[in-house]
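Biologist: Could you take me through the empty spaces in this model, with some care over what lines each of them?

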Amino acid sequence: MIRSFRRLLAGIAVSLIGLSAAHAADYPAKPVTFVVPFGPGSATDLLARALSASVAQQAGQPVVVENRAGASGMIAAQHAARAAADGYTVLITTNTTQAANPHLFKKLPYDPVADFMPVTGLGRGGLVLVVRADSPFRTVGDLVEAARRMPGKLSFGSGNSSSRMAGEMLKQLTGTDIVWVGYNSNPNALNDLLGGHIDMMVIDTVTGLAHIESGKLRALGASTVQRLPQLPQVPTLDEAGIKGYDMGYWFAAYVPAATPAPVAAKLRQWLVAAVASEGAQAFFRSSATQAWTPTPQALADFQKADIRKWGAVIEAAGIVPE
């Protein structure tokens, strides 16, 4: 009886493998959707669009970029987690949904680990502390001195967790009280910064670099441990006196957890090739972002470590989950 049961299980396993292989052989038979948790013009959106043309060419099917902004990326992540696990819904996301949100919200409508299968990393980058070109703050020291002199009077904006936590780390390491103003994407926060409604941002290079180069924004310091190649004249925040400052962001692709492995492998192959395409490389060059394509297991390990890191930063910042 036991042998018969084992044979039955083995037969089921073989059948499932066969179905997965057959599904992968036919995949894709229709357009693939890249779900993006932030609005048009955001860093994640620009990268998704840079990758989509190459993936579409390789797959022989259109790739649609669908923006589902809001709720710190939770709307998009929940949608992707509940989508059919067939390879036609791919979450192109960041550390916001996959590492920070578990510590920022008491209850998530998705599990960033259990609900998803990692496909590949896509890129990593840094942020820049910026003010308007007409701001009285010309250095990090100027800004910190004013924040200490006027507690609760200055403000910083953010439209994702990387920008928010970068601002919170600034406050934490300088012992200042700077008011946080939240937005549903960094481009919206940037518009308010340019309009004079907030005083500063620690913004991702993808969104901020063009405005720095055009002279609309003044860059005071880079968030990474080394200076950004595209902004070699801008000191790191550590160099500027905020010792121990180190904060960055990352992009990655995920599919629903039950997606057949052969389908996920195809997607990884296409995405890795897309990261090396001229369109994506142009994005990386223009945004001070580095290409990054770890294996699915390496991405899973990195994500778990990053979840712990974000938890420590958020706890130290005294942020109470919403």
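The exchange below takes the cavity and then the pockets of this predicted model.

Biologist: Which elements give two or more residues to the lining of the largest cavity?

Modeller: The count comes to one cavity of 30 Å³ or more, and the largest cavity has a volume of about 120 Å³. Among the 16 residues that line it, Ala43, Thr44, Thr94, Asn160 and Asp204 are the closest to its centre. The elements that give two or more residues to this lining are helix H2 (43-59) and strand E9 (248-256).

Biologist: Which element gives the most to the lining of the largest pocket?

Modeller: The largest pocket holds about 510 Å³ of space and is lined by 22 residues, with Arg124, Gly125, Gly126, Thr224 and Gln290 nearest its centre. Two or more lining residues come from each of strand E4 (116-132), E9, strand E10 (289-291) and helix H11 (296-316). The element that gives the most, with four residues, is H11.

Biologist: Where does the second largest pocket lie with respect to the domains?

Modeller: The second largest pocket has about 220 Å³ of space, and of its 15 lining residues the closest to the centre are Ser72, Phe105, Asn160, Trp180 and Tyr183. Helix H6 (161-174) and strand E6 (179-182) are the elements that give two or more residues to this lining. Because both domains give residues to the lining, the second largest pocket lies between domain 1 (32-125 + 249-317) and domain 2 (126-240).

Conventions: Residues numbered from 1 in each chain as written. Predicted model: local features only at pLDDT ≥ 70, side-chain atom pairs only at ≥ 80, totals over all residues. Heavy atoms only, no water. 1 Å grid on protein atoms, 1.4 Å probe; cavity = no way out; pocket = protein on both sides within 12 Å on 5 of 7 lines; lining within 4 Å. Points joined across faces, edges and corners; volume = space filled by probe spheres on them. Domains from an automatic or database assignment.
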